[in-house]
Amino acid sequence: MKRTEHGVYLKNGKPVTDAKGMQSPDLARERTIAYRILRAHDEGEGDKKMHLRFDALVSHDITYVGIIQTARASGMTEFPIPYAMTNCHNSLCAVGGTINEDDHVFGLSAAKKYGGIYVPPNLSVIHMYAREALATCGNMILGSDSHTRYGALGTMGFGEGGAELVKQLLENTYDLDAPEVVLVHVTGSPKKGVGPHDVALALVKEVFKEGFVKNKVLEFVGEGIKNLSIDFRNGIDVMTTETSCLSSIWETDEVVEEYYNVHGRPFAFETMQAEDGAYYDSMIELKLDEIECMIALPFHPSNAYTIHEFNENAEEILKKLEEEAKKTYSKCDVKLTDKVTEKGVLADQGVIAGCAGGLYENLVEAASILAGGTIGNDYFNLSVYPGSQPVGLALAKNGTMAELMDAGAIVKPAFCGPCFGAGDVPANNGLSIRHTTRNFPNREGSKPKEGQISFVALMDARSIAATAKNGGIITAATDIEYEVENRPYNYDPTCYEKRVYQGFAKERPEEELRLGPNITDWPKMPQLSENLLLKLTAVINDEVTTTDELIPSGETSSYRSNPLRLSEFALSRRVPSYVKDSKAVMALDAARIAGACPDAERELIESNGGKVEDTIIAPVLFAKRPGDGSAREQAASCQKVLGSFANICYEYCTKRYRSNCINWGILPFTIDEGTPFPYENGDYVYVGGIRTALKEGREEIPAVVIGNDGTHEITLWLKNLSETDRQILLDGCLMNYYAREKKQ
């Protein structure tokens, strides 16, 4: 794999750097597949700002309740475009009671009332349904899940927080700066035993840490694409989220056409290729024949090695990882080096699941590797989750399911749990190898603050099967002999036709929403005051802070219909004191509103030239680079429920987390890279005149930090806010923004 960090043109299907006879970059960028699709959905002026409307929306049962609650509070009366709600995250009822099923019943009632598409629990994971039933060449889909990626099918998918879906439901636009486009030039053909996850992990390793493709669009072009099946392409494409790119798109060919034919949707196909002379801002040369079997170790998909390199240096690599984990999880007795045995590195568990792993071809090839073998009756176990009921049905009919079960694998229904920490949690200090999308801390469901910890390493289904056949000793699939029987996919939509509620354009306003006791409205949120007195309740100096740390996944997901209850989990696995300290700051502001502002805070406000009645006292978080990972808006909304009005950082990891902050009325302050931030929990930041500054569109915001060692001036920045962004922040959140517009 090789990167080119300057612009290139595509000429006769080949990348060139010679610009002679070519259009300017701004004009030639319009010749990319990405820009042709983006401009077709752009309601703006065709310039550097894009205002997009999507063709369809998708959500799952962690997010759709909050989205619909927000949209109906903002005036929505019907779904204006197809909106599919799948039930693939909270289908385990991990905390007991009726909570999860109450959400599902709410979802069906909302689909009936507003005209939506409802996919019952365990019928499909969100992205499999979107691929099978919604993707269309040239279209765009917005999803409230970060892995909303359908580029291999000619559809641009964007994963964002729920508030962006609310805007679409209210027939407003998704606004962004016109993005750069990165050419991924694909050549060669993968070796036998190398799968899509191997290619994806190699790509993530190459580009993530330096932010090479951050908030850019990846466009896959090249003669190597013809050597990849559609499942292989989809398996790479869904993992582009882990590169931190904005979206992805691939050229389409007869392989994509056959996919749509098989799925009974021939009308959805269109041949899509970049025009000759298309300009790309940078390039990645992806040489498929050079990719080896990969393993991504905790705690990120970019922490990747070839399996051979890992096995040769396992003791050293695991010791370093063990030491890092002990620093972060001091309550846990971390042990990883004991996985190294005379035979090799021993894993405790294997899982193949979800939108990345549970694809038809992955499971067929895994079964071929396991055929005639056994995973044994020792500690190692293997679970397999087909990504949808149609995939599971095809596997059952052609004998693949029987082969997997005969080898000792446990076959389970479509479910995203192993990917976000709500299923198949290994034993304490267990090492799970998974063909899923992420291996962030606690993504497997462990609870470090209770002394429980386990670890996830990402591998392709082929190498997981090879490992399973080898009794759990981590093995590259390229190191074993196997043959794959030709078993073409026979898609049968019967289960969808019989069970999916297809309500688009059939809204029934008289239908009552079914609200379980855990489904609650959002609390009232005040507008921004003239001044802010911010008290630090979390200072995180890690290089990156994930959304999983801001609001943990796993069983906490069951409470995502209840904003107050969910907020109790905010930063619980990273800064356990955050909720208590933030509530204490909220109590200070409640006293201020009641006319009994504490003396210390009054003095701080007045000594900096402010008035108590014009100054909200609020908690604030500092993290160097927050927001990597999931699109979940709760990473921001929980902060807001706990009184937040601002975050401070050097840089936001993703556009979607920054957008979530804005939509929830959290000022996305940044400070200059390298500016020391030696401040601690309990220190104050006074920001005077912030409301006026926001109204006037000022970007440079002077502030004062008050700590134990005195007062320090600091410069905060509010860069690249649109007029709408500023108004949302002034109003206090997106709901308030729409409520004010309705009154006008």
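**Figure 1. Register of strands E28 and E29 in the predicted model.** In strand E29, Thr 670 is the residue that stands opposite Cys 649. The coordinates shown in this and the following views belong to a predicted model. Strands E28 (residues 646–649) and E29 run parallel and are joined by four bridges. Together with helix H24 (residues 655–663), E28 and E29 make a right-handed β-α-β unit. Strand E29 (residues 667–670) is covered on both faces: Leu 667 and Phe 669 are buried on one side, and Pro 668 and Thr 670 are buried on the other.

**Figure 2. Helix H7 and its surroundings.** Helix H7 comprises the twelve residues 196–207, and its end C-alpha atoms are 17 Å apart. At 1.5 Å a residue the expected span is 16 Å, which agrees with that separation. Ten of the twelve residues are buried, so H7 is largely enclosed by the rest of the structure. The buried residues are Pro 196, His 197, Asp 198, Val 199, Ala 200, Leu 201, Ala 202, Leu 203, Val 204 and Val 207. Helix H7 lies across strands of the five-stranded sheet, namely E1, E12 (217–221) and E15, and runs at about 145° to E15. H7 also lies across E16, E17, E21 (431–435) and E22 (455–459), with an angle of about 55° to E16.

**Figure 3. The open sheet of seven strands.** The strand order is E17-E16-E22-E21-E18-E19-E20, and the pairing is mixed. Strands E17 (304–306) and E20 (410–411) form the edges, each pairing on one side only. Strand E16 (residues 294–296) pairs with E17 in the antiparallel sense over three bridges. Within this pair, Ile 295 stands opposite Tyr 305 of E17. Helix H17 (residues 461–469) packs on the sheet and touches E18 (349–352), E19 (381–384), E21 and E22. The direction of H17 makes about 140° with that of E21.

**Figure 4. The open sheet of five strands.** Here the order is E1-E15-E11-E12-E13, again with mixed pairing. Strands E1 (2–4) and E13 (247–250) stand at the edges with a single partner strand each, so one side of each is left without a neighbour in the sheet. On average, neighbouring strands of this sheet are turned by 20° against each other, direction ignored. Strands E11 (residues 181–187) and E15 (residues 282–287) run parallel and are joined by six bridges. Val 186 has Leu 286 of E15 opposite it.

**Figure 5. The salt bridge between Lys 583 and Glu 568.** The closest N and O atoms of this pair are 2.4 Å apart. Lys 583 lies in helix H21 (residues 578–593), whereas Glu 568 lies in the loop between helix H20 (563–567) and H21, so the salt bridge ties together parts that are 15 residues apart in sequence. Both partners fall in the partly exposed class, which spans 20% to 50% relative accessible area. The value for Lys 583 is 38%, and that for Glu 568 is 40%.

**Figure 6. Further salt bridges.** Side chains of opposite charge can pair when their charged atoms come close. The count of salt bridges in the model comes to 43. One of them joins Asp 42 to Arg 39, with an N to O distance of 3.0 Å; Asp 42 is buried, at a relative accessible area of 13%. Another links Asp 581 with Lys 580, whose closest N and O atoms are 3.1 Å apart. In that pair, Asp 581 is partly exposed at 22% relative accessibility, while Lys 580 is exposed at 58%. A network of salt bridges links Lys 214, Glu 543, Lys 624, Arg 625, Glu 651 and Glu 673.

**Figure 7. The environment of Asp 548.** Asp 548 is located in helix H19 (residues 547–550). With a relative accessible area of 5%, Asp 548 is buried. When neighbours within four places in sequence are left aside, the contacts of Asp 548 are Phe 440, Pro 441, Arg 443, Ser 553 and Arg 632.

Terms used. Residues numbered from 1 in each chain as written. Predicted model: local features only at pLDDT ≥ 70, side-chain atom pairs only at ≥ 80, totals over all residues. Heavy atoms only, no water. Helix = DSSP H or I, 4+ residues; strand = E, 2+ residues; numbered from the N terminus. Expected span 1.5 Å × (residues − 1). Buried < 20%, exposed > 50% of the residue type's maximum accessible area, 1.4 Å probe, protein only. Salt bridge = Lys/Arg side-chain N within 4 Å of Asp/Glu carboxyl O. Pairing = 2+ DSSP bridges. Contact = heavy atoms within 4.5 Å. Axes fitted to C-alpha atoms, helices over the stretch in contact; angles between N-to-C directions. Right-handed = clockwise from strand over helix to strand, strands pointing away.
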